[in-house]
Amino acid sequence: MSIHLDQLLLSKKVLLLQGPMGRFFKKFARWLNSFNIETFKINFNGGDRFFFGREKNTFDYGEPLTAFSSWIENFLIAHEIDSIVCFGDCRLQHRIAKQVSIRLNINFFAFEEGYIRPNYITFEQDGVNFYSNFTDTLSIYVNKRNVIRVEPIEETSNSYCFMMCCAIVYYAANLYFNKTFPHYHHHRNLSTAEECFSWIRSLFKRIRNYFLEKPKFKRFISNYSKQYYVFALQVHNDSQILIHSELKRMEDYIEQVIHSFALHADKTHHLVLKHHPMDRGYRNYTKLIQKIAKENNVAGRIHYFCDIHLPTLLKNSLGMVAVNSTTI
């Protein structure tokens with residue numbers, strides 16, 4: 001196990017905040033219980049409540065977020081919590097909890113979707129991504145000349161249909177338990193109804209793209225193999241874009257990359273912008289890309305795809321531009 005998990009397993013009482021959609025945190029709590037660690041869970045919406053269930057030490061937080069700091073401080077002290085675990089350290093309630101944990105000298109851990117995928121998830125103490133202490137941890141191994149052992153990888157499957165079903169159930173539960181959590185605001189700044197609509201729209205777009213993009217992409221590869229670069233787009237509300245980046249908006253990154261391509265790329269080369277599949281139902285940059293390409297006189301050399309075979313796209317390219325992308 002990782003040094004961060006080893007540190008967590010020294011805990012006696014662990015508080016779980018929001019986890020990913022699905023039963024991962026429920027299973028994780030039972031795993032901690034197997035080490036005689038007592039777990040507590042705070043639900044912030046109906047989806048949290050539905051997937052975690054009414055287990056022992058489960059609490060609903062239905063007050064305004066402005067009251068959360070004092071509420072969780074009292075909670076941590078009253079229940080003698082020595083570690084907090086969350087999924088994504090940039091959600092507002094998690095950022096507040098982290099500040100309180102520092103004040104009370106309580107360990108703070110965060111899960112994130114794996115830096116290396118597939119088959120991996122990320123778990124670190126103090127924070128992930130920009131807040132990660134990965135380099136400090138790695139330097140300990142390097143300075144001590146310790147051998148980092150990599151255990152055999154257990155293959156995992158990633159079902160889009162299962163993920164979509166979890167999302168639909170999650171948001172439906174949010175609507176059903178809305179009166180219990182009247183002050184809850186999703187970290188993506190969308191209402192539950194908007195989230196549901198976006199996932200449904202995403203499904204229809206994926207079906208449409210299967211029939212329309214596949215032949216178009218095949219022709220593109222046939223005509224332009226080893227004559228193009230790839231720009232892998234990120235989801236528009238990724239925390240690394242909104243909080244940790246300089247430009248704050250994917251639209252600004254698109255403009256910057258196309259402008260740079262127009263100035264520096266060989267006149268025979270092309271640029272492919274690959275839409276993030278998880279952003280399919282939320283954003284469509286077609287008009288923006290066409291406008292910027294026209295302004296930079298590269299309209300015939302800019303291409304935009306979403307649901308295409310990524311290994312084929314990368315294998316036939318000259319290189320790739322990425323912003324916080326696991327495509328790397």
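## Worked exercises on a predicted model

In this protein, 71% of the contacts with a separation of 6 or more join residues 24 or more positions apart. Keep in mind that the model is predicted. Now for some practice.

**Exercise 1. Work out whether the radius of gyration agrees with a compact globule.**

Start with the chain length: there are 328 residues. A compact globule with that many residues would have a radius of gyration near 20 Å. The protein comes in at 22 Å, so the two agree.

Next, put a box around the C-alpha atoms: along the principal axes, they fill roughly 65 × 55 × 35 Å. Inside that box, the secondary structure adds up to twelve helices and ten strands. As for burial, 45% of the 328 residues are buried.

**Exercise 2. Describe the surface and the charges of the protein.**

Take the surface to begin with. About 18,700 Å² is exposed, and 56% of that comes from carbon and sulfur atoms. Then count the charged side chains: 40 are positive and 30 are negative. Finally, compare the centres of the two sets, which lie 7 Å apart.

**Exercise 3. Check the length of helix H5, then find what its buried residues pack against.**

Helix H5 covers residues 92–104, which makes 13 residues. At 1.5 Å a residue, the helix should span 18 Å. Its end C-alpha atoms are 19 Å apart, so the helix agrees with the expectation.

Now look at burial. The buried residues of H5 are Gln93, His94, Ile96, Ala97, Lys98, Val100 and Ser101. Their packing partners are helix H4 (68–78) and two strands, E4 (83–87) and E5 (107–113). Last, step just past the end of H5: there Asn105 has a positive phi of about 60°.

**Exercise 4. Is Phe181 buried or exposed, and which residues does Phe181 touch?**

Find the residue: Phe181 sits in the loop that runs between helix H7 (160–176) and helix H8 (192–224). Its relative accessible area is 4%, and buried means under 20%, so Phe181 is buried.

Leaving aside residues up to four places away in sequence, Phe181 touches Asn43, Phe44, Asn45, Gly46, Arg49, Asp60, Tyr61 and Gly62. How far is Phe181 from Gln93 in space? The two are 88 residues apart in sequence, and their C-alpha atoms are 14 Å apart.

**Exercise 5. Compare the surroundings of Lys248 and Asn297, two loop residues with a positive phi.**

A bit of background helps: most residues other than glycine have a negative phi.

Lys248 has a positive phi of about 75° without being a glycine. Its loop lies between helix H9 (239–244) and helix H10 (250–264). With a relative accessible area of 35%, Lys248 is partly exposed.

Asn297 also goes positive, with phi near 60°. Its loop links helix H11 (286–295) and strand E9 (302–305). The relative accessible area of Asn297 is 70%, and exposed means over 50%, so Asn297 is exposed.

**Exercise 6. Place Leu318 and list what Leu318 touches.**

Begin with the loop: Leu318 is between helix H12 (310–315) and strand E10 (319–322). At 38% relative accessibility, Leu318 is partly exposed.

Then list the contacts, again not counting residues up to four places away in sequence: Lys226, Gln227, Tyr228, Tyr229 and His269. Finish with Gln227: it lies 91 residues from Leu318 along the chain, with a C-alpha separation of 6.5 Å.

Methods:
Residues are numbered from 1 along each chain as its sequence is written. This is a predicted model: local features need pLDDT of at least 70, side-chain atom pairs count only at pLDDT 80 or more; totals for chains, interfaces and linings use all residues. Side-chain values use heavy atoms; hydrogens and water are left out. Helices (H or I, at least four residues) and strands (E, at least two) are DSSP runs, numbered from the N terminus. The expected span of a helix is 1.5 Å times one less than its number of residues. Buried means under 20% relative accessible area, exposed over 50%, partly exposed in between (1.4 Å probe, protein chains only). Contact means heavy atoms within 4.5 Å. The radius of gyration is taken over C-alpha atoms; the globule rule is 2.2 Å times the number of residues to the power 0.38. Accessible areas come from the Shrake-Rupley method with a 1.4 Å probe; for residues, only the protein chains shown count as cover. Lys and Arg count as positive and Asp and Glu as negative; His and the chain ends are not counted. The place of a charge is taken as NZ of Lys, CZ of Arg, CG of Asp or CD of Glu.
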